[in-house]
Amino acid sequence: MNYCNLITIFAFINLLVSIPHGYSNYVETKAGQFFSSGHTNNWAVLVCTSRFWFNYRHVANTLSVYRSVKRLGIPDSHIVLMLADDMACNYRNPKPATVFSHKNMELNVYGDDVEVDYRGYEVTVENFLRVLTGRLPPSTPRSKRLLSDDRSNILIYLTGHGGNGFLKFQDSEEISNMELADAFEQMWQKRRYNELLFIIDTCQGASMYERFYSPNLMALASSQVGEDSLSHQPDLGIGVHLMDKYTFYLLEFLEEVHPASQANMNDLFKVCPQSQCVSTPGHRTDLFQRDPGSVLITDFFGSVRKVEITKDTINLTSPVEPPIKRSGSSDIQIESLTYVDQLPVAEIIHQQDCLEANVTRCRRKQQRTRKLNCQVVEKQTA
Amino acid sequence: MDNSPKTENSLTIYPFVVPNLLISYCCILVMPEKQRGRYAALAIAAVVIVVGIPLWWKTTETYRAWLPFSEISELDSLQLQLSVDIEVVFSRGTLTPEQQKKFPLSHVNEKEHQVDVSIPELLTSPSTEADLSLHMLSESSCGSVVVYVIPESSTLLPEDVKVYVGQRRTALLRSPPFKTSWNLKEVLSNLDVEVEQVVSTMSFGHQDIVAALSNRVRMTKVTKESMADSMRAIKSSPGYEITFSLLNPDPKSHSLHWDIEGAVQSYIQPLLNKLAPIANFSVDSQILYYAVLGVNPRFDNSVSAYTLSADSLSHVINPVEARLGSNAASSNPVLNFLLYVPDAHHSPLFIRDHSKRKVPSNAFHSPRWGGIMVYNVNEMYGPEAERPVDININMAKVMGVFLAQLRLMLGVQHTHPPTGFVLQSPGSAGLADWELDRLLWSRSVENIATASTTITSLAQLLDQIGNIVINDNIAQQVSSAVTSLQSAVAELEAGNLAFALQYSREAILASERAFFDPSLLHLLYFPDDQKFAIYIPLFLPMCVPIVLSLLKIVSEAKKRRADKQAKSD
């Protein structure tokens with residue numbers, strides 16, 4: 001290669017690094033861990049593309065993947081969640097502020113700390129492609145951006161209604177497989193990912209990954225071209241289908257995975273065989289450089305950090321200087337503000353430490369104290 | 001969309017229609033009836049072809065400002081030449097008088113300096129005074145290296161130490177053994193290998209350059225250590241945010257005070273000031289209460305303390321990260337440094353490495369993320385102290401660890417010096433000059449590689465999609481990026497490291513701004529097949545009669561010619 005040739009002209013370049021003995025074993029094991037996957041952080045882009053109440057299951061799909069991904073460690077700052085419609089606060093939802101994934105309302109995937117970055121009409125093909133390629137207007141806040149670098153593993157999950165070669169957004173526009181492949185190529189050109197896992201749960205989903213041509217991509221789809229992906233169970237109380245079959249079994253599989261598990265991609269390919277799913281899930285690994293058997297589930301769904309022990313420290317001997325006082329601060333008199341005294345609740349009611357206890361118990365207690373507070377206030381004002 | 005063809009169509013219809021009407025009217029007035037139709041059709045066709053089509057083409061073309069495509073394609077095959085100024089100074093007693101006489105001064109730029117070798121402190125630990133005095137002898141510019149060669153038997157350096165690298169850009173090299181009968185060339189060639197090793201430690205080596213170019217050149221043969229190094233150091237970026245967080249899980253027992261402003265001012269700011277040419281740094285701090293580690297530490301009876309094993313450290317960071325937060329206004333990478341004070345029930349807390357030994361710094365770091373240090377305070381108070389206990393944290397100790405971690409994160413620390421080398425610790429300055437040079441070299445090369453990749457892939461994209469509008473500001477950014485890149489390459493060749501870095505930084509800023517411009521989404525522009533669908537219903541009904549009449553004229557002309565020939569025959 002050009003660079004190597006030129007640099008050797010200078011003749012200081014042939015360097016053999018000799019490692020001191022004490023370090024060698026330690027570095028071997030640590031570097032071995034690094035070497036296996038090559039990523040240092042994880043991102044997830046989860047998109048639900050359909051609106052209207054009867055597409056409840058697509059929102060539930062996306063939220064259940066969101067929940068698994070958060071449980072396995074990816075923080076909200078590294079997740080871009082796009083939901084095209086609001087099911088939890090929909091007028092037709094008999095149980096507001098909930099989105100259930102299992103019938104008989106067993107599991108509420110819309111928990112207390114869902115952070116939706118793009119909601120409602122903001123979920124468009126243009127915004128989706130802007131997030132992927134990074135061409136966002138400068139006023140976009142950090143939470144709406146995909147700030148990945150060349151050592152990020154990205155999980156992209158799409159669900160909605162699709163066809164042969166396209167995915168429908170918001171019932172009014174569509175994204176084609178060629179556009180998606182071009183967007184991934186743009187990402188690769190700027191090295192915005194180390195490895196990318198693409199999961200799609202729509203009808204004829206396999207057509208969406210046919211056109212990929214960038215390296216380090218692995219794709220899974222819930223059905224082949226010509227097949228429909230089916231929904232799983234309706235709930236008679238809510239009145240709609242709650243989940244799609246593929247994502248339901250994917251969620252069941254992910255519930256078994258914990259941050260330290262060693263399950264690999266071959267297990268993921270076996271999720272939802274035709275006997276359970278009716279459609280045939282497909283996958284594509286030819287663009288992926290590593291063997292799928294050596295890729296851990298937590299490489300994409302979780303966020304297991306590489307960690308090194310800090311061996312050296314710097315001996316700092318000079319004392320801490322007092323911080324430089326900004327001139328003029330002595331002139332401005334800032335009035336110190338205090339809060340008004342609250343009701344001495346702790347004296348009125350014995351309150352247990354809520355840190356380790358059950359949160360619901362805590363809530364019930366708080367409700368009780370609120371009621372009692374009202375009584376106390378009434379007494380005082382009376 | 002700005003370039004919707006519909007609005008322009010209504011304007012372009014007029015030049016088709018109006019002249020045609022005028023000419024047809026003239027024909028009707030002037031010419032006899034038989035020829036009228038013929039000439040009218042010809043005139044209309046002439047106007048359509050000569051005036052209409054060029055006008056339509058011009059008014060519907062997208063605005064594409066000129067880009068220097070030829071220069072960009074030259075950038076694709078970029079060739080970098082890096083030159084380092086090296087000064088090799090032979091101290092008295094290294095060379096025999098005969099070898100000294102034959103020193104070809106034109107060949108090697110050599111200065112005769114008398115180095116004071118009678119400093120006794122150098123016997124045990126080379127002190128900074130010798131380094132300073134050496135530095136005074138020759139003020140070395142950014143990017144250059146000065147190597148002082150001392151006699152083999154000299155006692156300046158301890159026995160097993162071959163090279164001592166100081167804080168400034170100087171190194172002391174113990175001369176390798178050579179015979180006094182050798183002539184100068186042999187001496188110099190013998191010295192070459194050693195000097196090469198010194199320079200590759202202080203400036204750059206093959207692995208460093210390959211790692212810096214990893215954006216363009218996929219590393220095929222890499223050692224595990226260099227892979228780990230390349231993954232640890234954070235990528236080049238115009239700015240960084242550094243956040244110091246104090247985690248207090250037990251505010252009922254400990255009331256912690258840390259003078260973070262003063263500590264940052266004294267210890268971290270000198271390092272950041274030195275690194276100012278590379279990037280902008282912003283520092284902030286926060287205190288988090290009731291923040292727990294995600295892992296339960298185990299009680300170890302042998303040391304009667306709680307321990308965290310090395311394997312569980314990977315799972316510590318995630319639960320904390322959700323609470324850390326970041327500055328919403330900027331998209332710069334964030335480096336987090338956390339100070340965790342264990343709660344009273346789990347004190348003291350120690351970290352064990354893979355071989356179950358205690359870690360002296362009690363800290364660990366994660367590449368490209370930051371570091372966590374555990375600070376035990378159980379010895380600072382007795383059991384009878386009134387809760388919450390006021391504790392002042394020793395910022396010098398804490399900042400010593402954080403500074404070391406920060407140096408690793410920024411890629412400044414030389415992780416594997418060769419055997420026989422002693423690198424002077426930078427101390428409170430934070431950064432040695434030659435370490436800064438190393439970083440500047442690798443950053444310049446990395447910036448140049450990234451900027452050239454960005455520009456070439458942008459040019460490719462704009463070339464492929466013919467109807468993306470290229471605004472003036474994008475063209476200006478691209479041009480300035482190309483000129484900055486060319487200047488940076490020229491400066492690297494000349495050896496002016498500071499200028500090269502500045503140009504490379506400008507190049508990367510301009511190229512990123514051009515590449516990530518929001519208007520370059522090709523989804524926004526109509527592909528060609530959609531254009532046909534819009535134009536055909538407008539133009540086809542008009543063109544069909546014209547074409548048919550032209551065909552009819554041609555066939556009539558042929559028939560007349562055939563008749564004439566038949567007549568003449």
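This short talk covers confidence, one sheet and the nonpolar cores of a predicted model.

Some conventions come before the results. Residues are numbered from 1 along each chain as its sequence is written, while chains are lettered from A and ligands numbered from 1 in the order in which they are written. In this predicted model, local features need pLDDT of at least 70, side-chain atom pairs count only at pLDDT 80 or more, and totals for chains, interfaces and linings use all residues; side-chain values use heavy atoms, leaving out hydrogens and water.

I turn to confidence. For chain A, the average pLDDT (the predictor's confidence in each residue, from 0 to 100) is 82, and 78% of the residues score at least 70. Over residues 10-34 of chain A the pLDDT is below 50, and the model gives this stretch 39 contacts (heavy atoms within 4.5 Å) beyond near neighbours in sequence.

Next, the sheet. Three strands (DSSP runs of E, at least two residues, numbered from the N terminus) form an open sheet in chain A, in the order E5-E6-E7, with antiparallel pairing (at least two DSSP bridges between two strands). Its edge strands are E5 (162-163) and E7 (173-176) of chain A, each pairing on one side only.

Finally, the cores. A nonpolar core is a set of buried (under 20% relative accessible area, 1.4 Å probe, protein chains only) Ala, Val, Leu, Ile, Met, Phe, Trp, Tyr and Cys residues joined through side-chain atoms within 4.5 Å. The largest has 109 residues, and B:Phe244 and B:Leu275 are among those touching the most other members. Helix H12 (residues 433-464; helices are DSSP runs of H or I, at least four residues) of chain B gives the most to this core, with 14 residues. Apart from it lies another core of 53 residues, including A:Trp53 and A:Tyr246.

Definitions and conventions
Buried < 20%, exposed > 50% of the residue type's maximum accessible area, 1.4 Å probe, protein only.
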